[in-house]
Amino acid sequence: MERRVNMQKEVCNYDGLLAGEVQTVESIPVAASQTIKRGDLLESKVTEGTPATEFTKVADVAKVGNIYRIAANDIDTTSGASVVAAYGAGYYNAAKVTVSGDAKVNKMALRASGIILVNCQSGTVESED
């Protein structure tokens, strides 16, 4: 007697943000007066002689030399600066990483922070054993 088993596996994850292994999860300081959502691309601008101190949502073209992270959860900092859990090095679904307004994502700038954006297909994959 042959028995068929249908198995399903998720292609990305529950909300489609993660597209593979995530190597870094950390708490990072974020600037006040922001509403940050899971998947927002965050940037800490680095200038010569000034260490990066806090992150804001990317509002311009991502630039090589700055530090990038992706928000792991929602947070509202309208009452002051705060800390948010964020993803660093790893693989992410390009369609689920968001930026402010007309900002553009520069994939090479993100790779310097270990963030790799890939195109993912949503849905379920079925296989038979």
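## A chain of strands and three salt bridges

D15 is partly exposed, with a relative accessible area of 26%. It is one partner in a salt bridge with R38. The model is predicted, not determined by experiment. We start with the whole chain and then return to this pair.

**The whole chain**

The chain has 129 residues, and 34% of them count as buried. Its secondary structure consists of twelve strands and one helix. Where does the helix fall in the order β-β-β-β-β-β-β-β-β-β-α-β-β? Ten strands precede the helix and two follow it.

Now look at contacts between residues at least 6 apart in sequence. Of these, 70% join residues at least 24 apart. The accessible surface comes to about 8000 Å². Carbon and sulfur atoms account for 48% of that surface.

**The salt bridges**

How many salt bridges does the count give? The count comes to three.

Take R38 and D15. Their closest N and O atoms are 2.4 Å apart. R38 sits in the loop between β4 and β5 (41-44), while D15 sits in the loop between β1 (6-10) and β2 (18-22), so the pair ties together parts that are 23 residues apart in sequence.

Next come E26 and R69. Their side chains meet at 2.3 Å, N to O. E26 belongs to strand β3 and R69 to strand β7 (residues 67-71), so this salt bridge ties together parts that are 43 residues apart in sequence.

The side chains of D60 and K63 also form a salt bridge, at 3.4 Å from N to O.

Are the residues in these pairs buried or partly exposed? The table sets out their values.

| Residue | Relative accessible area | Class |
|---|---|---|
| R38 | 18% | buried |
| D15 | 26% | partly exposed |
| E26 | 27% | partly exposed |
| R69 | 16% | buried |
| D60 | 41% | partly exposed |
| K63 | 42% | partly exposed |

Why does R38 count as buried? Its relative accessible area is 18%, and buried means under 20%. D15, at 26%, is partly exposed.

**The loop between β3 and β4**

Two residues here deserve a look: S33 and Q34. Both lie in the loop between β3 and β4. That loop joins β3 (25-30) to β4 (35-36).

S33 is exposed, with a relative accessible area of 60%. What is the phi of S33? The phi is positive, about 65°, although S33 is not a glycine. Most residues other than glycine have a negative phi.

Q34 is buried, at 9% relative accessibility. A polar atom of its side chain lies 3.4 Å from the backbone oxygen of F55. Which residues does Q34 contact, leaving aside neighbours within four places in sequence? The contacts are F55, T56, K57, I75, D76, T77 and T78. F55 therefore appears in both the list of contacts and the pair with the side chain of Q34.

**After the helix**

A112 lies in the loop between α1 (107-111) and β11 (115-118). A112 is exposed, at 59% relative accessibility. Where does I67 stand relative to A112? The two are 45 residues apart along the chain, and their C-alpha atoms are separated by 8.1 Å.

Note on methods: Residues are numbered from 1 along each chain as its sequence is written. This is a predicted model: local features need pLDDT of at least 70, side-chain atom pairs count only at pLDDT 80 or more; totals for chains, interfaces and linings use all residues. Side-chain values use heavy atoms; hydrogens and water are left out. Helices (H or I, at least four residues) and strands (E, at least two) are DSSP runs, numbered from the N terminus. Buried means under 20% relative accessible area, exposed over 50%, partly exposed in between (1.4 Å probe, protein chains only). Contact means heavy atoms within 4.5 Å. Accessible areas come from the Shrake-Rupley method with a 1.4 Å probe; for residues, only the protein chains shown count as cover. A polar contact is a pair of N or O atoms within 3.5 Å; within protein, one must be able to donate a hydrogen and the other to accept it, and residues adjacent in sequence count only if both atoms are side-chain atoms. A salt bridge is a side-chain nitrogen of Lys or Arg within 4 Å of a carboxyl oxygen of Asp or Glu.
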